[in-house]
Amino acid sequence: MTAWHATSIDRVAALLDTGRGGLSSKAAAARLIADGPNALPPPPVPSVLLLFVRQFNSPLIYLLIAAAAVSLGLGHRTDAGFIGVVLLVNAAIGTVQESKAASSLAALGRMIGQTAMVRRDDVVSVIDARDIVVGDVVELESGMAVPADIRLSSSSALSVDQSTFTGESVAVFKDHAGLVHDRTPPGERATMALAGTMIEQGRGVGIVVATGADTALGAIDASLRTAKATPPPLVIRLDRLARQISTATIALIIPFALVLLAQGRPGDQILLLAVALAVSAIPEGLSIAVTVALAAGTRRMAARNVIVRSLPAVEGLGACTIIASDKTGTLTRNILSVEKILLADGRAFASADWPTDGLAGMRQAAALCNEGSIGLDGELVGDSVDVALLRFARDGGADLAMLYAVVRTAALPYEPVRKFSTVAIAEGAGVRVFAKGAPEIIRQMCRAIDPAAFAAATAMAGEGYRVIAVAASEGATTTDPMAPGDIVLLGWVGLIDPVRPEVPAAITRCAEAGIGVRMVTGDHPGTALTIARGLGLEVAADQVVTGAQMTELAEQPERLAALILGGRVFARIEPVQKLEIVRILATSGELVAVTGDGVNDAPALQAAHIGVAMGIAGTDVARSAADLVLAEDNFASIVAGVEEGRVTYANVRRIVIILLATGIAEIGMFIGAVMLGLPMPLTAVQLLWLNLVTNGAQDVMLGFGRGEGDELHQSPRPPSAPILDRSAIALMIPPALLMTGLALYLVADLQREGRPLAEIQNAVLLMTVLFQNAYVLCMRSERRLIYREPVLSNASLLLGIGIALALQATAMLWPPLGSVLGTAPVCAPTVRFCVAAVLGTVLVTEATKQAVVIWQRRR
């Protein structure tokens, strides 16, 4: 322990005894100083081995493992080997998919400032911010990152950019002498500078009261650690499907085995047939096919500026029913802008129709009474209000360089206590005084003001604008620039963070797609309501929910849930409250996508079904906690993501339909064979060949389909809707039953002719492969008939069908592979029968599609 550490324990313990630090003893203070570096604890990182082992945690995998064990026990090493390969391939793919690491938590640590100016024993030195401890005295100035939670002891015109923390686009002024209630949220404490924020202007000195995990930033970190990530919709649906398939398979195997036992079949044959039935029922190629479909969707999304961090999220965005969007930087530009001018004579102008003349006086005053400056590269620098006023003057043609060449004889900078600023410009024998500030303060300095105009300015503030009054002396004057009087009001400036121009159209498209939009912000309720209406959201005043209202109902969960579910705009929201909003929306049955760019958004981004972060303005924390990242920070890209998500889901759904239809046909063959006393139509190895190789070569290509063009004109799928709804089952059953009947007929016919079992199974295998070819070709669309679907609508699928046929031909003509699969060339009558089966499959599938479309229209 250093000498400074030893001498400061008493001081820190006294500070902590006030309740600020959460400790109350000298021993606790010593422990905090000795072992509490100013860094957030690193997240645990799972090993590759652990990720690999996790992939076997599925009921379908359990069944395959059992089937492999039974096959090995019966001496069927080829069958067991094939099943083992399937298991390993699926596990390898799943391990690669585990992309959501704990980088979001590490990014929180990186937000701590790199260095800090610390005063220890009256000596100021620059140290690594990680070495700051509670009790340090830190000096702050403009441009610095705040390295810890600091209680201010002095401040001078200190303003802090808290936009990444609270979502407010306007810098917040801090006052060391302010009075703060002990229940005031961290972001609203005027006497505190919080870790992770930036000093925009001014200076301050304060004592460190919390570091690392004990800061308000650390509280977000803790909520991020405890927030359980909600699985994307596709994962939920596939997990549910896996359980259903497993339950159905077991329910089939048990009575199947009992029937065989009652027939007097040998035990080893019963076990072998049970293995074959399990392999038939389990869609072994589903994991690979879904991964390919999601990867294809990822590439399509990337082309539309949506970067995917988690593969299942590709589909999830298309399933969402509500988008809860951060305002600052997402719906708006996060650049304060002059959007409205109200002159003293009552004339009002909006930014869309600034007059060519008439505002020269306002522009001149905005540029002269201004503490901003022009950087070396021409960039405007300073407080966000001053920069907005300079931009307003420059855009109107004012020469800022010439304006800055005037002689300023006096200037009074803006202070929150005074609420105004002035400047005196030399003019002739006197000075001309310009002033700007709060309307009620400037009003007292001015000559009589039209009451109607002042009422209009007050109404403008009620609409959510930040209103600044601008005044000037009438020519040269001798008035005191430090306390001017008898000056003339020029008018009022309305500033607001403007909406992104492309966002209203994007929100309209969301409405057409059946997706609700909720705005969540740390801004004032009036500002939030104004922005929301500017976006085209239909919001009543009573649909604006504030953080204070949520706090009041914190102990009444039912009323709190009703408040949130009825809200359209959420204002003055703290990070923990944003997380609560997401949780309540999700538990109400909504599929929630959350957008954001700040530290305050990270817990909600992780807890949502789909988290969408801004790629340019977003913090590391937000990007790392999200599933999707918008490359151009354009809310409109979300709509493109929704469209691609729905296309991807349709592709995945078709893959599931095709795999399960094939499985149903195979199960039907075995059950029918047992009931009719026929031999086993296929071996376990042949079933794996069908499910993983020939079928896999083509069904994965369905993932490259580009949709049918009307995805955004359909309502979102109900959150509880399964992948296999009634229409999907209807599309599967008739073709599968046809295949089952044709296979049993072929087995019986060839057995009657005295053909050996291997030849019978070889013929059934070929017919099943051709059935797969025909069925997948028909299922490029669930609605359009095969002849109305463009031939090259999915060229990759045609390639997959060709590969499947080539693989089957190789198995029949190449002896080494034929010996493993039990395949060989077939006779001409069998070929003709298989061709007839293909034609029958096309006719039945197309008739079924037409019937389903008619049924859906009548619903």
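Here is a short conversation about how some helices and strands are arranged in this predicted model.

Visitor: Why are helix 25 and helix 26 called roughly antiparallel?

Guide: Their axes cross at roughly 155°. Angles over 145 degrees count as roughly antiparallel, so helix 25 (residues 636-676) and helix 26 (residues 684-699) earn that description. The axes come within 11 Å, and helix 25 passes helix 26 in a right-handed crossing.

Visitor: Which residues in helix 25 and helix 26 meet?

Guide: From helix 25 come Ile655, Ile658, Leu659, Thr662, Glu666 and Phe670, and from helix 26 Leu687, Leu690, Asn691, Asn695 and Asp699. By class, this contact has six nonpolar, three polar and two charged residues.

Visitor: What makes strand 8 and strand 20 edges of the sheet?

Guide: Happy to show you! The open sheet has eight strands in the order 8-24-23-22-9-19-21-20, with mixed pairing. Strand 8 (306-308) and strand 20 (544-546) each have a single partner strand, so one side of each is without a neighbour in the sheet. From one strand to the next, the twist averages 20°.

Visitor: How do you know that strand 9 and strand 19 pair?

Guide: Pairing needs at least two bridges, and strand 9 (residues 322-326) and strand 19 (residues 516-520) have five bridges, in the parallel sense. Isoleucine 323, for instance, stands opposite valine 517 in strand 19.

Visitor: Which strands does helix 22 touch, and which does helix 25 lie across?

Guide: Helix 22 (residues 575-587) touches strand 9, strand 19, strand 21 and strand 22, and its direction makes about 160° with that of strand 22. Helix 25 lies across strand 8, strand 9, strand 22, strand 23 and strand 24, running at about 140° to strand 24.

Conventions:
Residues numbered from 1 in each chain as written. Predicted model: local features only at pLDDT ≥ 70, side-chain atom pairs only at ≥ 80, totals over all residues. Heavy atoms only, no water. Axes fitted to C-alpha atoms, helices over the stretch in contact; angles between N-to-C directions. Helix = DSSP H or I, 4+ residues; strand = E, 2+ residues; numbered from the N terminus. Parallel < 35°, antiparallel > 145°, perpendicular 65-115°, else oblique. Left-handed = near helix turned anticlockwise from the far one by under 90°. Contact = heavy atoms within 4.5 Å. Nonpolar A, V, L, I, M, F, W, Y, C, P; charged D, E, K, R; others polar.
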